[in-house]
Amino acid sequence: MFRPKVPTNPTPTGLVVPLAVEPTAAVRHNPPAPAAQPSPRPAVRLTPGTAIALVGGGTAVVLVVGAVLVSMLLAVAISGVSVAVCAVVLRSLLAPERTHR
(Lines give C-alpha, C1' and ligand atoms only; values in the text may rest on other atoms or scores of the structure.)
Protein backbone atom coordinates (compact mmCIF):
# COMPACT_ATOMS: atom_id res chain seq x y z
CA MET A 1 0.00 0.00 0.00
CA PHE A 2 2.76 2.44 0.88
CA ARG A 3 5.17 1.24 -1.79
CA PRO A 4 5.47 3.42 -4.86
CA LYS A 5 4.03 1.95 -8.03
CA VAL A 6 6.33 2.44 -10.98
CA PRO A 7 4.52 2.41 -14.30
CA THR A 8 5.71 -0.13 -16.84
CA ASN A 9 7.07 1.39 -20.03
CA PRO A 10 6.44 -0.38 -23.32
CA THR A 11 9.46 -1.90 -24.98
CA PRO A 12 10.29 -0.90 -28.57
CA THR A 13 8.37 -3.94 -29.80
CA GLY A 14 5.23 -2.84 -28.03
CA LEU A 15 5.26 -5.69 -25.49
CA VAL A 16 4.62 -4.74 -21.89
CA VAL A 17 6.77 -6.47 -19.29
CA PRO A 18 5.14 -6.43 -15.85
CA LEU A 19 7.29 -5.78 -12.81
CA ALA A 20 7.94 -8.54 -10.34
CA VAL A 21 5.36 -8.34 -7.56
CA GLU A 22 6.34 -9.33 -4.05
CA PRO A 23 3.74 -11.29 -2.11
CA THR A 24 2.28 -9.36 0.78
CA ALA A 25 2.62 -10.70 4.30
CA ALA A 26 -0.39 -12.40 5.80
CA VAL A 27 -2.17 -10.26 8.38
CA ARG A 28 -2.63 -11.98 11.71
CA HIS A 29 -5.16 -10.68 14.14
CA ASN A 30 -4.46 -11.03 17.83
CA PRO A 31 -7.34 -12.16 20.04
CA PRO A 32 -8.87 -9.30 22.09
CA ALA A 33 -7.34 -8.69 25.49
CA PRO A 34 -9.47 -9.68 28.48
CA ALA A 35 -11.38 -6.84 30.10
CA ALA A 36 -9.80 -5.32 33.19
CA GLN A 37 -11.45 -6.28 36.45
CA PRO A 38 -12.75 -3.34 38.51
CA SER A 39 -10.88 -2.62 41.70
CA PRO A 40 -12.72 -3.70 44.85
CA ARG A 41 -11.68 -0.54 46.73
CA PRO A 42 -12.38 3.08 45.71
CA ALA A 43 -9.63 4.87 43.80
CA VAL A 44 -9.46 7.91 46.12
CA ARG A 45 -10.40 8.05 49.76
CA LEU A 46 -11.43 11.45 51.03
CA THR A 47 -10.89 11.63 54.75
CA PRO A 48 -11.67 14.73 56.81
CA GLY A 49 -7.96 15.54 57.01
CA THR A 50 -7.46 15.41 53.25
CA ALA A 51 -10.63 17.47 52.72
CA ILE A 52 -9.29 20.18 55.03
CA ALA A 53 -5.92 20.06 53.26
CA LEU A 54 -7.61 20.43 49.86
CA VAL A 55 -9.71 23.37 51.05
CA GLY A 56 -6.64 25.04 52.59
CA GLY A 57 -4.57 24.50 49.45
CA GLY A 58 -7.33 25.85 47.22
CA THR A 59 -7.74 28.90 49.43
CA ALA A 60 -3.99 29.57 49.34
CA VAL A 61 -3.93 29.34 45.54
CA VAL A 62 -6.88 31.74 45.23
CA LEU A 63 -5.25 34.23 47.60
CA VAL A 64 -1.89 34.12 45.80
CA VAL A 65 -3.46 34.52 42.36
CA GLY A 66 -5.65 37.35 43.66
CA ALA A 67 -2.66 39.15 45.17
CA VAL A 68 -0.73 38.87 41.91
CA LEU A 69 -3.65 40.20 39.86
CA VAL A 70 -4.27 43.11 42.26
CA SER A 71 -0.59 44.06 42.23
CA MET A 72 -0.57 44.04 38.42
CA LEU A 73 -3.67 46.26 38.39
CA LEU A 74 -2.04 48.67 40.81
CA ALA A 75 1.13 48.77 38.72
CA VAL A 76 -0.87 49.69 35.63
CA ALA A 77 -2.82 52.36 37.53
CA ILE A 78 0.33 53.93 39.00
CA SER A 79 1.99 53.94 35.58
CA GLY A 80 -1.05 55.66 34.07
CA VAL A 81 -1.08 58.34 36.74
CA SER A 82 2.65 59.00 36.33
CA VAL A 83 2.27 59.34 32.55
CA ALA A 84 -0.60 61.79 33.07
CA VAL A 85 1.48 63.89 35.48
CA CYS A 86 4.39 63.91 33.02
CA ALA A 87 2.04 65.02 30.23
CA VAL A 88 0.74 67.93 32.31
CA VAL A 89 4.27 69.04 33.24
CA LEU A 90 5.48 68.85 29.63
CA ARG A 91 2.42 70.75 28.44
CA SER A 92 3.08 73.52 30.90
CA LEU A 93 6.77 73.67 29.94
CA LEU A 94 6.20 73.69 26.19
CA ALA A 95 3.20 76.03 26.08
CA PRO A 96 4.05 79.62 25.26
CA GLU A 97 3.79 81.94 28.20
CA ARG A 98 0.58 83.85 28.13
CA THR A 99 0.70 87.53 28.77
CA HIS A 100 -0.72 88.66 32.05
CA ARG A 101 -3.41 91.35 32.08
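How many helices and strands does the secondary structure of the protein come to? One helix and zero strands. Helices are DSSP runs of H or I with at least four residues, strands are runs of E with at least two, and both are numbered from the N terminus.

This is a predicted model: local features need pLDDT of at least 70, side-chain atom pairs count only at pLDDT 80 or more, and totals for chains, interfaces and linings use all residues. Residues are numbered from 1 along each chain as its sequence is written, and side-chain values use heavy atoms, without hydrogens and water.

**Stop 1: the whole protein.** Select everything. Of the 101 residues, 0% count as buried (under 20% relative accessible area; exposed is over 50%, partly exposed in between; 1.4 Å probe, protein chains only).

**Stop 2: helix H1.** Select residues 48–94. Met 72 lies in this helix. Ser 79 is found in helix H1 too.

**Stop 3: Met 72.** Is Met 72 buried or exposed? Met 72 counts as exposed because its relative accessibility is 51%.

**Stop 4: Ser 79.** Select Ser 79 and Ala 75. Ser 79 has a relative accessible area of 41%, so Ser 79 is partly exposed. Now look at its side chain. The side chain of Ser 79 reaches the backbone oxygen of Ala 75 at 2.8 Å.

How values were computed: Polar contact = N/O pair within 3.5 Å; in protein donor to acceptor, adjacent residues only side chain to side chain.
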